[in-house]
Amino acid sequence: RELSCKFGLNASEVGVFMSSTMVACSLPTRGTGTASLALSNDGVTFEGTPANLEFIGAGGVSSLKPSQGPMSGGGLVTIGGSKLGRLSSTVQCVFGSQSVSATVTGESQVVCSVPRSGTSGDVELFLSHMDARLPGSVVYRYLDDAQVWSIVPSVGQLTGETVVSIIGSGFTGDGLRCKFGTQSARGSLKSSTLVLCTSPATQDE
């Protein structure tokens with residue numbers, strides 16, 4: 001006979017004594033819904049008024065966009081999955097060993113900010129809810145931070161339309177932008193060391 005937690009009518013799990021006011025129990029596998037939770041000191045007699053525990057049946061992680069970014073972090077990623085809409089504000093994104101808060105934005109996705117990494121390479125990314133890991137995971141790749149070495153040409157017409165070559169390292173992915181003062185223009189990735197941008201017309205009078 002031992003400390004026990006009973007979920008619903010039948011499922012019973014051995015409890016772990018933490019203190020006179022706290023017991024830890026492993027959750028049994030079951031479908032979505034609400035089950036009563038009762039405690040027993042001897043595994044036989046369950047006294048007191050049971051509490052209600054809701055099993056939300058989250059489906060976990062299945063997709064990630066974007067799937068890579070710089071070691072400096074700071075960007076936003078969207079994690080797709082199923083049955084994520086009922087997760088509470090305690091859901092977290094776990095990048096390897098680093099956890100960050102996530103925001104549930106729909107039934108099938110959450111958004112989180114990428115933490116900084118000290119090294120480049122792949123890390124496992126999964127979701128955690130109330131300290132429990134959800135099913136499924138994806139891979140996020142940290143890339144060496146991009147560096148700009150030179151631009152050619154370094155001068156152009158006030159009317160814009162000058163094709164500028166940005167030479168450096170660590171260039172990758174879609175959505176590259178070149179910033180000319182306060183204006184930005186779409187960049188065209190040619191290689192990890194070369195990006196082309198067309199200068200906009202100047203806004204100065």
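Helices (H or I, at least four residues) and strands (E, at least two) are taken here as DSSP runs, numbered from the N terminus. By that reckoning the chain has 0 helices and 19 strands. The model is a predicted one, so local features need pLDDT of at least 70, side-chain atom pairs count only at pLDDT 80 or more, and totals for chains, interfaces and linings use all residues. Residues are numbered from 1 along each chain as its sequence is written, and side-chain values use heavy atoms, with hydrogens and water left out.

Looking at the chain as a whole, 30% of its 205 residues count as buried (buried means under 20% relative accessible area, exposed over 50%, partly exposed in between, with a 1.4 Å probe and protein chains only). About 12700 Å² of the chain is exposed, and carbon and sulfur atoms supply 51% of that; accessible areas come from the Shrake-Rupley method with a 1.4 Å probe, and for residues only the protein chains shown count as cover. As for contacts (heavy atoms within 4.5 Å), take those between residues at least 6 apart in sequence: 48% of them join residues at least 24 apart.

One part of the fold worth a look is an open sheet of 5 strands, with antiparallel pairing and the order β15-β16-β19-β18-β17. Two strands pair if DSSP finds at least two bridges between them. At the edges sit β15 (147-152) and β17 (177-180), each pairing on one side only. On average, neighbouring strands of this sheet are turned by 35° against each other, direction ignored; the axes behind that value are lines fitted to C-alpha atoms, for helices over the stretch in contact, and angles run from 0 to 180 degrees between N-to-C directions. Strand β17 runs antiparallel to β18 (residues 183-191), and 4 bridges join the two. Across this pairing, R177 stands opposite R186 in β18.

The loop between β15 and β16 (163-169) holds T162. This threonine is buried, at 15% relative accessible area. Leaving aside residues up to four places away in sequence, T162 touches P153, V155, G156, Q157, C197, T198 and S199.

Next come the salt bridges, of which the structure holds 2 (a side-chain nitrogen of Lys or Arg within 4 Å of a carboxyl oxygen of Asp or Glu). In one, the side chains of D122 and R141 meet at 2.7 Å, N to O. That pair links distant parts of the chain, with D122 in β12 (residues 121-129) and R141 in β14 (residues 138-143), 19 residues apart. D122 is partly exposed at 46% relative accessible area, and R141 is partly exposed at 42%. E124 forms a salt bridge with R133, where the closest N and O atoms are 2.5 Å apart. Here too the partners are partly exposed, E124 at 34% and R133 at 49%.

G121 is also in strand β12 and is partly exposed, with 25% relative accessible area. Although G121 and L143 are 22 residues apart in sequence, their C-alpha atoms are 6.6 Å apart in space. Beyond residues up to four places away in sequence, G121 touches Y140, R141 and Y142.

On the surface, V16, M18 and M22 make a nonpolar patch of about 290 Å². Patches are made of residues with over 30% relative accessible area and no salt bridge, like charges being joined within 9 Å and nonpolar side chains (Val, Leu, Ile, Met, Phe, Trp, Tyr) within 5 Å. V16 belongs to strand β2 (residues 11-19) and is partly exposed at 46%.
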